[in-house]
Amino acid sequence: MESVQPLAVTPSKKKLARTIAKVLHLRTLTGIAPADGLKSVKADRDLKDEGGIDKVLNWSQSFDEEDEEFHERAAMEALLAKLFASISSVKAAYAQLQYAQSPYEPEGVQAADQLLVSELKNLSEIKQCYLKKQFDPSPEAAMLEAELKELHSVIKTYDIMGKKSESQVRLKESEIVFLKEKLQEAIEQNRSMEKRLNQSGSLSVLDNLHISGLNSSHFITVLRQTVRSIRNFVRLIVDEMRSAGWDIDAAVGAIEKNVVYLKEDHKCYAIESFVCREMFDSFQFPNFSLPNESLPERNSLRQVFFLRFNELKSIRAKEYLAEKPRSPFAKFCRIKYLRLIHPKMESSIFGDLNQRNLLNAGEFPNTGFFSSFAEMAKKVWLLHCLAFSFEPQASIFQLRKGCRYSDVYMESINDEIFVSPESDQTVESYPQVAFTVVPGFKIGKTIIQCQVYLSQSQPKVKKKHNSMKQR
């Protein structure tokens, strides 16, 4: 009889082979022979001699072991699935507990606490089952149930996280609303302060002033208002440049080269220096940038300038330009605007050259930008009128770049340089003028300091020279 090879046995025939093996084994133990007698006994003897019964028994035993190993593996996988499902449930319960605590919800906290305790007990039971080898008899169903439970816990966790995110978004939105309200309050306060400053800048303190009573304190009062107006206009220009996408660093570098600024905000001083340089150009001349303007007689020069000062000091620049568009002040505004505001700047900021075209046509733009410029020009014009109302007239000066700092003629606008670590007041290193921001003035023997931006540098020459320059 041919022996059956183990590789020929397919998984579908396991049950049949197991049954045959059990029958043969039973017959061997009981000694029961088949009905055909000796032939069957001989066949059994031949089969035993060939080792067929041992092979069948070995097959049956291997099949049983494989079945048991497969069942144990499935049971272990089901136990692990339950473990991960319980862990996901614990995470979901903890997320629910956190969500219920802020804002505090007693019922939500209690429910999350109960769920958390229940899942911790479940984890303990899983541990005991593993230690005692008490596995689920239906591992396939247990695994499906565990997967469903884990998916439910994950969905619940994400749902809680979504609710928490929505709550945080609502909180941020309320913070934004609150900050917008605070910003609006700050804007209103700034407007109120600017209004008070403008009122104080109306030069009402100089009402009833007579030419015989002029002194340097009156000039200083007008100068302070002028500087304040210039800085307001500079802030407006910088804001417009940033809105138009200008490179502020490049613009500042073009105005003042090779200057190291102690702070980023200090770069605005370079733009202020440029505005002052243009607005105060020709300040020392009576016609002040108006070469074709006729001048009064020398003996009546003071009275004429003082009358111009009193005429303009109490009226808004925009109103005065509308009333007297051909006046010397109107011509002054037109000339200074065309020199100060480059066509490329106006085009990039406003998208056209309408303001320049109106000025060239003898009209004045009705814009906030030009109104701010006109108010600044008015203060400079008034300062010039007051300067020529003195006897002798006030003179203007500025300091050259690189000259050594002197508190007699200068006022530093960046005092940080005196306390900076790089500052070393020695012969080799000292503060020097990087550029003049606001020019200085001299009235008789009174010196009104110019405002300068200082930098730390080393002297290039030891020879003394005159550092003051008349403008």
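**Figure 1. Contacts across the whole chain.** Take the contacts between residues at least 6 apart in sequence: 75% of them join residues at least 24 apart. What you're looking at is a predicted model. The chain has 471 residues, and 36% of them count as buried. Its secondary structure comes to 14 helices and seven strands. The views below pick out a few spots in that fold.

**Figure 2. Where helix α11 meets helix α14.** Helix α11 covers residues 328-340 and helix α14 covers residues 368-387. Their axes come within 10 Å and cross at roughly 115°, and the crossing is right-handed. On the α11 side, the contact is made by P328, F329, F332, C333, K336, Y337 and L340. On the α14 side, look for F369, F370, F373, A374, M376, A377, K378, V380 and W381. Sort the residues of this contact by class and you get 14 nonpolar, no polar and two charged ones.

**Figure 3. The nonpolar cores.** The largest nonpolar core is made of 73 residues. If you want a way into it, try F219, M279, F280, F329, F373 and F441, the residues with the most contacts inside this core. Helix α14 supplies the largest share of the core, 13 residues. Two of the names may ring a bell: F329 of α11 and F373 of α14 also take part in the helix contact of the previous view. There's a second core too, separate from the largest one, with nine residues, including C403, C450, V452 and L454.

**Figure 4. H384 and its neighbours.** H384 is found in helix α14. Its relative accessibility is 0%, so H384 counts as buried. Who sits around it? Leaving aside residues up to four places away in sequence, H384 touches F283, F285, P286, F288 and F305. One of these neighbours, F288, comes from the loop between α8 and α9, and that loop is the topic of the next view.

**Figure 5. Three residues in the loop between α8 and α9.** Helix α8 spans 268-279 and helix α9 spans 301-312, and S282 has its place in the loop between them. S282 isn't a glycine, yet its phi is positive, about 70°. With a relative accessible area of 17%, S282 is buried, because buried means under 20%. F288 is found in the loop between α8 and α9 as well. F288 also has a positive phi, about 50°, although it is not a glycine. Why point these out? Most residues other than glycine have a negative phi. F288 is at 0% relative accessibility, so it counts as buried. S294 lies in the loop between α8 and α9 too, but at 57% relative accessibility S294 counts as exposed. S294 and P328 are 34 residues apart in sequence, while their C-alpha atoms are 9.8 Å apart in space.

**Figure 6. A cis peptide bond after helix α14.** Which residues does the cis bond join? The bond runs between E391 and P392, with omega about 0°. P392 is found in the loop between α14 and β1. For context, most peptide bonds are trans.

**Figure 7. Strands β1, β4 and β5.** Strand β1 (residues 395-399) pairs with strand β4 (residues 440-443) in the antiparallel sense, over three bridges. S395 stands opposite K442 in β4. Strand β4 is also joined to strand β5 (residues 446-448) by three bridges, and these two strands run antiparallel. Here K442 turns up again: its bridge partner in β5 is I447. Together β4 and β5 form a hairpin with two residues between them. In the turn sits G444, with a positive phi of about 60°.

**Figure 8. M143 in helix α5.** M143 is found in helix α5, which spans residues 139-200. Is M143 buried or exposed? Neither, quite: at 23% relative accessibility, M143 counts as partly exposed. M143 touches A74, E77, A78 and A81, again not counting residues up to four places away in sequence. M143 and A75 are 68 residues apart in sequence, and 8.9 Å apart in space from C-alpha to C-alpha.

Technical notes: Residues are numbered from 1 along each chain as its sequence is written. This is a predicted model: local features need pLDDT of at least 70, side-chain atom pairs count only at pLDDT 80 or more; totals for chains, interfaces and linings use all residues. Side-chain values use heavy atoms; hydrogens and water are left out. Axes are lines fitted to C-alpha atoms, for helices over the stretch in contact, and angles run from 0 to 180 degrees between N-to-C directions. Helices (H or I, at least four residues) and strands (E, at least two) are DSSP runs, numbered from the N terminus. A crossing is left-handed if the near helix is turned anticlockwise from the far one by less than a right angle, and right-handed if clockwise. Contact means heavy atoms within 4.5 Å. Ala, Val, Leu, Ile, Met, Phe, Trp, Tyr, Cys and Pro count as nonpolar, Asp, Glu, Lys and Arg as charged, and the others, Gly among them, as polar. A nonpolar core is a set of buried Ala, Val, Leu, Ile, Met, Phe, Trp, Tyr and Cys residues joined through side-chain atoms within 4.5 Å. Buried means under 20% relative accessible area, exposed over 50%, partly exposed in between (1.4 Å probe, protein chains only). Two strands pair if DSSP finds at least two bridges between them.
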